[in-house]
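Reader: I would like to go through this model by question and answer. Please show the sequence and structure.

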Amino acid sequence: PLPFAETCFITVMGILVNLIIVPLVGDGWVIFSYERIKENLSVNNADREGPCFDPEYQDLCIRMLQWNTSLPASSILFIGLMIIIASFSSSTSFRRNYTTKRLVRVLTMQQKKD
């Protein structure tokens with residue numbers, strides 16, 4: 001497995017590129033704005049009926065749509081954090097096993113000398 005520092009660096013850079021740099025360059029975070037979602041609801045669905053088009057419930061619907069559109073970004077962030085945690089756990093156990101094997105080898109060599 002890759003060492004923890006390398007895995008952490010690769011994962012953080014991937015998250016940085018996918019969730020911060022690319023959306024900022026292309027105005028990608030605008031799709032999550034309250035005004036943009038409200039505009040899409042009013043323009044694209046002006047003739048429809050339902051709770052999202054009732055002014056009383058429109059705020060709740062906009063908040064739900066914000067959550068639904070941000071779910072992929074949240075998933076990427078969650079998966080990245082899981083990769084970092086798994087890498088740390090793997091790195092720690094690998095280091096512990098390596099140290100144990102090294103100690104056994106040194107003790108075996110000492111016993112052979114005696």
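Thr11 and its surroundings

Author: The model is predicted. Outside the four places on either side in sequence, Thr11 contacts Gly80, Ile83 and Ile84.

Reader: Is Thr11 buried, partly exposed or exposed?

Author: Thr11 belongs to helix H1, residues 4-25. The cut-off for buried is under 20% relative accessible area. Thr11 has 13%, so Thr11 is buried.

Reader: Which residues of H3 are buried?

Author: Helix H3 covers residues 58-113. Two of the residues that Thr11 touches, Gly80 and Ile84, are on its list of buried residues. The full list is Gln58, Cys61, Ile62, Gln66, Ser70, Ala73, Gly80, Ile84, Ser87 and Ser91.

Reader: Where in H3 is the kink?

Author: From first C-alpha to last, the 56 residues of H3 reach 82 Å, close to the expected 82 Å. The helix nevertheless has a kink of about 45 degrees, shortly before the proline Pro72. The kink lies at Leu71.

Reader: Why does Tyr34 count as partly exposed?

Author: Tyr34 is in helix H2, residues 34-44. Partly exposed lies between the limits of under 20% for buried and over 50% for exposed. Tyr34 falls in this class because its relative accessibility is 24%.

Reader: With which side chain does the side chain of Tyr34 make a polar contact?

Author: Not counting residues up to four places away in sequence, Tyr34 touches Asp59, Ile62, Arg63 and Gln66. The polar contact, at 2.9 Å, is with the side chain of Asp59.

Notes:
Residues are numbered from 1 along each chain as its sequence is written. This is a predicted model: local features need pLDDT of at least 70, side-chain atom pairs count only at pLDDT 80 or more; totals for chains, interfaces and linings use all residues. Side-chain values use heavy atoms; hydrogens and water are left out. Helices (H or I, at least four residues) and strands (E, at least two) are DSSP runs, numbered from the N terminus. Buried means under 20% relative accessible area, exposed over 50%, partly exposed in between (1.4 Å probe, protein chains only). Contact means heavy atoms within 4.5 Å. A polar contact is a pair of N or O atoms within 3.5 Å; within protein, one must be able to donate a hydrogen and the other to accept it, and residues adjacent in sequence count only if both atoms are side-chain atoms. The expected span of a helix is 1.5 Å times one less than its number of residues. The bend at a residue is the angle between axes fitted to the seven residues ending there and the seven starting there.
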